[in-house]
Structure formats: C-alpha cells, structure tokens
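Hi,

Here is the structure I promised to pass on. Have a look at it first, and then read my notes underneath.

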Amino acid sequence: MASTIADCGACGPGYKNPCDAMKGPREEIIYVACTYHNTGINKPDFLATVDVDPASPTYSQVIHRLPMPNMNDELHHLGWNACSSCYGDITKKRDRLILLSLISSRLYVVDVGTDPRAPILHKAVEPIDVYSKCNLANPHSIHCLASGEVMISCVGDPSGNAKGGFILLDAETFEVKGNWEKDGHAAPFGYDFWYQPRHNIMASSEWGIPKRMFDFFNPADVKDGFFGQSLHLWDWTEHTRIQTINMGVDGIIPMEVRFLHDPDASEGFVGGAFGGTMFRFYKTQKGDWATEKVIKILPKKVEAWALPELPSLITSMVISLDDRYLYLSNWLHGDVRQYDITNTSEPKLVGQVWIGGCILKGGPVTLLDVQELMSQPEALVLKGKRIQGGPQMIQLSLDGKRVYVTTSLFSAWDKQFYPHLIQEGAAMVQIDADTEKGGLTINQDFLVDFGKEPAGPALAHEIRLAGGDSTSEIWT
C-alpha cells in the first residue's frame, strides 16, 4: 500500500514541481472539517477521516472522528504545516494539519503523522492569542510558507467588523507570531489568498462584515456595501498592499482566488460569487495588475425565492496542477463545471454535473427562464440518499482525475437556504473528470453520508487529501 502522506523523505515535504505532483501516489484517505454549529445538536465539531481507496473494504466511509475539546467552533478550512513550498528542506515534514474555527477564532493543530488514519489533537491555539497579538478574528484560509511559518487569512476583527489581515503562525511551535501585513495595510475585507513569489506578489479576496452576515444572509446588504467586490495585490517581500482592483457588481463577494500553479505564471482567477462571474487577473506590460471577465453565469429568473433572480453563487474553485482545467461550484444553482483554460482569456465549458441546488424539479423554487437548461434538473440520489444542499467545497486529486465535493457552505447560510441540509446532514460526492477531452461523471459507487454520523447529522466543509491536493501546494 502506498504511503498516505506523500513526501520525498530526503527531499523534504511535497513535490519539486507541479508535473511531479501529478505523478504522485493516488490518495487513500481524506480529511474533512465537520461542524454541528447551528444544527441544534449540542456536540463538538470534529475532523473526519475518510477512506477513499477503492480496494479497501471501508471505501467511502468515515473511519475515524476526532472531536474538538470545545463547542461552537464552526470548523471551516484546514491546511498543512508544510507543503511543496518547503520542498528541498529535509528538516520539514508534512505531519500536522491546522484546523481553523470560523466562529470561535480558535486554531487546532492535529497530528496526522503518527497515525494518518487516526489523527490526534496536538495543540489548541486560543482565540485570545489571535485577538491580542493580531487584532484579528474569524480565520478563513491557510497556506504554509517556505520560511517555516504558516499564514492564515482572516475575515474580521474581535468586534465583528470586517478586516482583511493575516496571522503568522510558527510551523514548529504553533505560537502566534503576529501579523503578516505591515501596520496600516490591512484590507477592508478579507477572505482567501494565494501567493506567487517569483513575481513578488500575493492576491487576496473579500467576503463581508462578520456581524452583518454570520447570523443570516440579507440580500439588501449586498447593495448597501456590506460585502466586498475587490481584489487586492500585495508586495510579497514588503508585506504591503500595493494595488486594489474594484471589480464592480459582477465581482460582488469575490471568494476564492488562485494563481496558476506554474510558479512562473503571472496570472490567475478569482470568482465573484454573487455576480456569477469568473475574472482572470494578470500582470500587465507596465508591471501593475488588471482583471478581465472570462466566465459569466447568468442569474436565473425564479419564483418563491428571496429575490426575483437567483445568483449562481460561485463559492469554490480549483485549477488542475497542469493548469489545463478550472473547476467551479455554483452553490445555489447546483452545478459543478469544468472549463478548459488552455486559453486563459477564453475558458471553454467542457463538463457539467448537477449536485443539489435550489432549482431542482419538484422543489419550492420555480424556474421561470430555463436559459441553457431544457428543464429544471432532477435531484441527485446516491445509494438511496437524496443529496441536500448544493455543491460547495471542491477538491481535486493530484492527477486531476477525481473531484471531491461537499455540500455545506456555512452553517447559518445552510440553515437559511437549505433547511433540509440541517435536518439530514451534508454529503461528500466524487466526480470522475475526463482529463483528455473534458467531461464530468458522478461516481455512483461513492457517497459519504454525514447524515448518518453517530452524534447526529453533521455539516461537512473543507476537504484535504493526505498527500497534498490542488489547493494545498504552492511552488516557490
């Protein structure tokens, strides 16, 4: 059996380059962040370990659960202490997973090296450390750095205001070191980030004001400016914000941001969730940065929803390690899409599958204008379970052939838009991707039903593959 934590040993963690990573061993286990926040179940959140080895008797089952020692954390995203950015450093090892609590602002460090199939808690970083040392709260995204540090983006400050700053964590002791950004350079909103050292640049995106959106989503807050619509560019070595690009109404709630994996590339993508628009951002001949709209997913005219038009809500996006395909999820519309981005200015839709969503046939929302659809899509049923919610977090295997999808976005919004998701629990689905001609097919033999958890139906969000994946690795 191949090692589940794919490292080079004498070469340090991760892979030398994206091409080598694509040739890495197939994933055998996956880690998933699960929460009971806002579900009515008074239990701690947990890290689920899932067997994804087709030859295993426990294939597509949760084989281990690590409960957290506190309540109401809302485990959200997770990332490594070391990855391919540390390749060549034999003192580094990918053996700790850092779990971020969006609501409590607590950070958990989990030992996945001793026994990858049965992780144990190594350390908890309390919120007071984040508050007092960084004046930040609500951690969201995480990347390891070649410097031996871990960097975490935040959505707000301890008072519930929006603030786009970054925590630096020591990757050995897991002590909070302070802010990454220099004083006075925090962005007005925070969410995701990605860095590209060879161009001395980092890009970050925006969500909204925590105290306005953490209980429920009010569509009126969009036009009132309580959500972001800008992309921020940062000087990577100086830790200063050097440019802000306002992407307008099409860019409202720009969630996930990705550079191409080629470390020499000077372009990437950012998705305006509410605007249903994918932007390409790129370095101009003058040396500054610009954006262009390259994908537009039109809102659908509906009845019996909060607004007369239903936005697609692009909430997750991954790029294959060879930079050929981009995958995105439309959490409200319900589809996962595959685009050929050989020409990054003109992505070509080559694959699409439906996994839940608000416009299913027989559901409460009526679709008035089918546009590209001939009719409202059927509900997805796998192994007798009707999938609730919509496709949210997506993750891609190193070889680019398997897309993993969970259906929970954020517990308060889950409860508002998909009440049956709270009652029946989230799911994880696997999609087979054709990497030659394009195309997506749902694997009918794979289903992780978090509605059957021993403590009751749980919500599942971020996915991490034990040996690295298409959003954990950055090359320097």
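Below is what I found, going from the whole chain down to one residue.

One thing to keep in mind from the start: this is a predicted model.

Let's begin with the overall build. The protein chain holds 34 strands along with six helices. Its radius of gyration comes out at 20 Å, close to the 23 Å that the globule rule gives for 476 residues, so the chain is as compact as a globular protein of that length. If you lay the C-alpha trace along its principal axes, it spans about 55 × 55 × 45 Å.

Next, the inside and the outside. Buried residues make up 64% of the 476 in the protein chain. As for contacts, take those between residues at least 6 apart in sequence: 59% of them join residues at least 24 apart. The area that the protein chain exposes is about 16,600 Å², and 49% of that is supplied by carbon and sulfur atoms.

On charges, the protein chain has 42 positive and 58 negative ones. Their mean positions lie 1 Å apart.

Finally, a residue to look up in the viewer: Gly384. You'll find Gly384 in the loop between strand E27 (381–382) and strand E28 (385–386). Is Gly384 buried or exposed? Its relative accessibility is 69%, and the cut-off for exposed is over 50%, so Gly384 counts as exposed. You could also pick out Ser147, which is 237 residues from Gly384 along the chain. The C-alpha atoms of Gly384 and Ser147 are separated by 48 Å.

Cheers

How values were computed: Residues numbered from 1 in each chain as written. Predicted model: local features only at pLDDT ≥ 70, side-chain atom pairs only at ≥ 80, totals over all residues. Heavy atoms only, no water. Helix = DSSP H or I, 4+ residues; strand = E, 2+ residues; numbered from the N terminus. Rg over C-alpha atoms; globule rule 2.2 N^0.38 Å. Buried < 20%, exposed > 50% of the residue type's maximum accessible area, 1.4 Å probe, protein only. Contact = heavy atoms within 4.5 Å. Areas by Shrake-Rupley, 256 points an atom, 1.4 Å probe, with all protein chains shown as cover. Lys, Arg positive; Asp, Glu negative; His and termini not counted. Charge placed at Lys NZ, Arg CZ, Asp CG, Glu CD.
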